[in-house]
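Trainee: I'm new to this one. Could we look at it together and go through the reasoning behind a few labels?
Mentor: Gladly, let's bring it up.

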Amino acid sequence: MKKYEDLTPEEKKEICNGCGGKGGWIKPPHRVFFEASCNHHDYGYWKGCTEEDRKKCDKKFYGATVKDCSGLPWYQYLRYRPWCWGYYVAVRNFGKKYFYYADKQREL
């Protein structure tokens, strides 16, 4: 199974769209700041499989967004850190339709 880092630029463009549901009209705030974490999450949703895989993917996403904030000055940390939880809640509540459910994960 390929890791996100091993994807070609073409594969990344096909699979990932940054933050927000692929083809969706809602563009979340601060999406540029969290774009790399969102793209990793998109790849996890594209690979898909079970609900347990989705939960793991969402938890990794939350951890990645928190890590995005870890090196910021305190005033920026206070601005961005609450959004980590907001993004996590959003993917848990509204991301199900974007996840690929199957008997096994997709492969490239």
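**Reasons behind the labels**

Trainee: Why is Cys49 called buried?
Mentor: Keep in mind that this is a predicted model. Cys49 has a relative accessibility of 10%, and buried means under 20%, so Cys49 counts as buried.

Trainee: What is notable about the phi of Cys49?
Mentor: Its phi is positive, about 130°, although Cys49 is not a glycine. Most residues other than glycine have a negative phi. Cys49 sits in the loop between α2 and α3. His30, in the loop between α1 and α2, also has a positive phi, near 60°.

Trainee: What makes Trp74 exposed?
Mentor: Exposed means over 50%; Trp74 has 65% relative accessibility, so Trp74 counts as exposed. Trp74 belongs to helix α4 and, with Tyr75, Tyr77 and Leu78, makes a nonpolar surface patch of about 520 Å².

Trainee: How do you know that the span of helix α3 agrees with its number of residues?
Mentor: Helix α3 has 20 residues, 51-70, and at 1.5 Å a residue they should span 28 Å. The end C-alpha atoms are 29 Å apart, which agrees.

Trainee: How do you know that the buried residues of α3 line one face?
Mentor: The buried ones are Arg54, Cys57, Asp58, Phe61, Thr65 and Cys69. Down the axis of α3 they fall within an arc of 115°, so they line one face of the helix. They pack against α2 and α4.

Trainee: Which residues of α3 are exposed on the other side?
Mentor: Lys56, Lys59, Lys60, Lys67 and Ser70.

Key
Residues numbered from 1 in each chain as written. Predicted model: local features only at pLDDT ≥ 70, side-chain atom pairs only at ≥ 80, totals over all residues. Heavy atoms only, no water. Helix = DSSP H or I, 4+ residues; strand = E, 2+ residues; numbered from the N terminus. Expected span 1.5 Å × (residues − 1). Buried < 20%, exposed > 50% of the residue type's maximum accessible area, 1.4 Å probe, protein only. Arc of directions from axis to C-beta. Contact = heavy atoms within 4.5 Å. Patch = residues over 30% accessible without salt bridge, like charges linked within 9 Å, V, L, I, M, F, W, Y side chains within 5 Å. Areas by Shrake-Rupley, 256 points an atom, 1.4 Å probe, with all protein chains shown as cover. Salt bridge = Lys/Arg side-chain N within 4 Å of Asp/Glu carboxyl O.
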